Structures are given as C-alpha cells and as structure tokens.
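Okay, my turn, so let me get the structure up on the screen. I'll walk through one helix and the rings around it.

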Amino acid sequence: MTQLWRIRVHYYRSLQNIEERQTYTKALNAWYDNVNKLFKDDGQQSTKERKMAFDTYYQHMTQTETVLNNYANGLISETELKQWQDKAGSLGMDLINKLNQFTTVLSNRVDNSIINSEEKFSSLITMFSIISFIFSALMLAISFMLSNSIVNPIISIKDAMLKIAEGDLSSKQPEDNGSNELAQLTSSINQTVDKLAAIAQGSHSIAENVSSASLALTNVMEQSTNNVQIELEQIEQVATAVNELSQTATEVSLNASNAEKATVNANNSISEGYDALERSKNIAE
C-alpha cells in the first residue's frame with residue numbers, strides 16, 4: 001500500500017514534468033516486479049481477483065508516459081486524456097479496495113489466529129495445570145513411598161543401635177535380598193551383633209574361668225597366709241631363743257671377763273708375793 005501511494009505521487013508529478021514521467025515508469029516497473037516476487041497464490045478466489053486487479057492497473061499505467069507525451073504533442077484530445085485518467089483512477093481505487101479487503105481478511109485471520117492461539121494456549125495451560133497436579137501428586141506419592149522405604153528402616157536401625165548400646169544383643173534387623181546401601185547396612189549390623197554376642201559369650205566363659213581361678217587363688221592365699229603366720233610365730237620363738245642365748249652369752253662373756261680380771265689380779269698378787277718373798281730372802285741373806 002505504501003509503495004502504491006508513492007507510485008501515485010510520481011504519477012501526479014509526471015503530469016506536469018516530462019522528466020518525472022521516466023522516473024514514474026521506472027518506479028512503476030520496480031514496484032510491479034517487487035510485488036510479483038512477494039505474491040503467493042493460495043488458490044483463493046479473492047487472491048486471484050487481487051492479482052488480476054494488480055495486473056490490470058499495471059498494464060493501464062504503463063501507458064502513462066506515451067499518453068501524456070501524445071497529449072502534449074496534440075495527438076490526443078483532452079477528453080481522451082480525461083477518459084484515460086478516469087479509468088486509471090477507477091483501476092487504482094479497485095486495486096486499493098482489493099488490497100483493503102485483503103488487509104481486512106488478513107486482519108480477521110490474524111485475529112482468529114490469535115483467538116485460536118489464546119484458546120489453545122488456555123487449553124494448554126489447563127492441560128499443563130492438570131499434568132502438573134498429577135505429576136506433583138505422583139511425585140508426592142513416590143516421595144512418601146521412598147520416605148517410608150528409607151526413613152522407617154533407618155529409624156529401626158537407630159532403635160536397634162540404641163538397644164545394642166544398652167547391652168541388648170538379642171535384637172536383630174530383618175534382612176532382605178536387596179543390594180542397596182540400607183540392606184548392606186542392616187546385614188553389617190546383624191553381623192556386628194553376632195560378633196558382639198560371640199565376644200560376650202567368650203567373655204562370660206573367661207569371666208567364669210577367672211572367677212574359679214580367683215577362688216582357688218584366694219584359697220591358696222589364705223593357706224599361704226596361715227603358713228606365713230605359723231612361720232612368723234616360729235621366727236618369733238627363734239628370735240626369743242636367740243635373744244635369750246645372746247643374753248646368756250653376754251653374761252658368760254662378762255663372767256669370763258671378770259674371771260680373767262680375777263686371774264690377772266691373782267697372778268699379780270702371786271707375783272707381788274713372790275717378789276716380796278724374794279726380797280725377804282735377800283734381806284735375810
């Protein structure tokens with residue numbers, strides 16, 4: 001439409017200016033070629049009528065330069081020129097009406113397409129909402145199932161570990177044939193419980209053996225204590241005898257020392273007597 005109005009402007013200029021006539025012809029041909037390149041035949045009757053109006057207008061308007069030159073040279077009358085111009089105006093208006101109708105149809109199609117698109121979009125939104133709700137419900141159910149299948153065994157394992165920590169080795173977890181981490185953990189806990197129970201049983205046996213050995217050792221210690229007590233009493237008796245012997249020896253040693261002193265004194269007395277006797281003999285002589 002915009003190019004058509006430009007063509008019309010060139011046409012009115014060419015009425016007064018000879019140089020504009022050639023410019024108009026070139027613009028008209030370029031416009032026609034461009035429209036033909038863009039034109040698409042959809043098989044509709046309105047499209048064919050629009051193409052026919054376009055071709056008819058173009059064929060009539062290609063005579064512009066010749067008609068105007070003939071009029072300027074007096075080859076045609078003003079009446080013939082006016083008839084030609086009236087026909088050009090009629091063909092132009094027919095083409096414009098066809099284009100306006102096409103624009104209206106196209107606008108209606110666009111509006112209908114928009115309405116259909118909105119309806120389809122609304123349907124898609126509704127369907128998407130339903131699918132989202134179903135998917136959310138499904139995911140919630142799956143999450144609940146997964147939660148029960150994961151959380152409940154974990155809680156059971158936690159309770160079992162608490163019982164084991166309190167010393168209860170009788171509780172074992174039910175095992176399944178799965179190969180996931182929870183099944184492996186349950187199997188490991190049950191194996192640990194079995195090993196702890198075996199260790200506890202062994203420890204109990206060892207404790208009983210130690211208790212028996214302790215009882216025997218206690219008896220031995222008591223017997224040893226009694227023997228030691230007897231030996232202490234005997235040692236005390238020996239010590240008393242030794243003390244008595246020591247006192248006796250001391251007395252004997254003292255007596256011996258006194259006897260020795262007495263002997264020495266006696267010897268001294270004898271020696272003095274002998275000396276006195278000798279002196280008496282000497283004196284007597």
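So, start at Ala27, which touches Ile7 and His10, leaving out residues up to four places away in sequence; contact here means heavy atoms within 4.5 Å. Quick housekeeping: this is a predicted model, where local features need pLDDT of at least 70, side-chain atom pairs count only at pLDDT 80 or more, and totals for chains, interfaces and linings use all residues. Residues are numbered from 1 along each chain as its sequence is written, and side-chain values use heavy atoms, with hydrogens and water left out.

Ala27 sits in helix α2, residues 18–38; helices are DSSP runs of H or I, at least four residues, numbered from the N terminus. What's buried in α2? That's Glu20, Arg21, Tyr24, Leu28, Trp31 and Tyr32, with buried meaning under 20% relative accessible area and exposed over 50%, partly exposed in between (1.4 Å probe, protein chains only). The face turned away from that side carries Glu19, Lys26 and Lys37, which are exposed.

Now the rings. The whole structure has four aromatic pairs, counting Phe, Tyr and Trp (its six-membered ring) with centres within 6.5 Å; planes under 30 degrees apart are stacked, over 60 edge-to-face, the rest tilted. Trp31 and Phe54 go edge-to-face, 4.9 Å centre to centre with 70° between the planes. That pair links α2 to helix α3, residues 45–61, across 23 residues. Tyr32 and Phe54 also have centres 4.9 Å apart, but their planes are at 10°, so they're stacked. Phe54 counts as buried, at 5% relative accessibility. Ring pairs join Trp31, Tyr32, Phe54, Tyr57 and Tyr58 into a cluster.

Key:
Helices (H or I, at least four residues) and strands (E, at least two) are DSSP runs, numbered from the N terminus.
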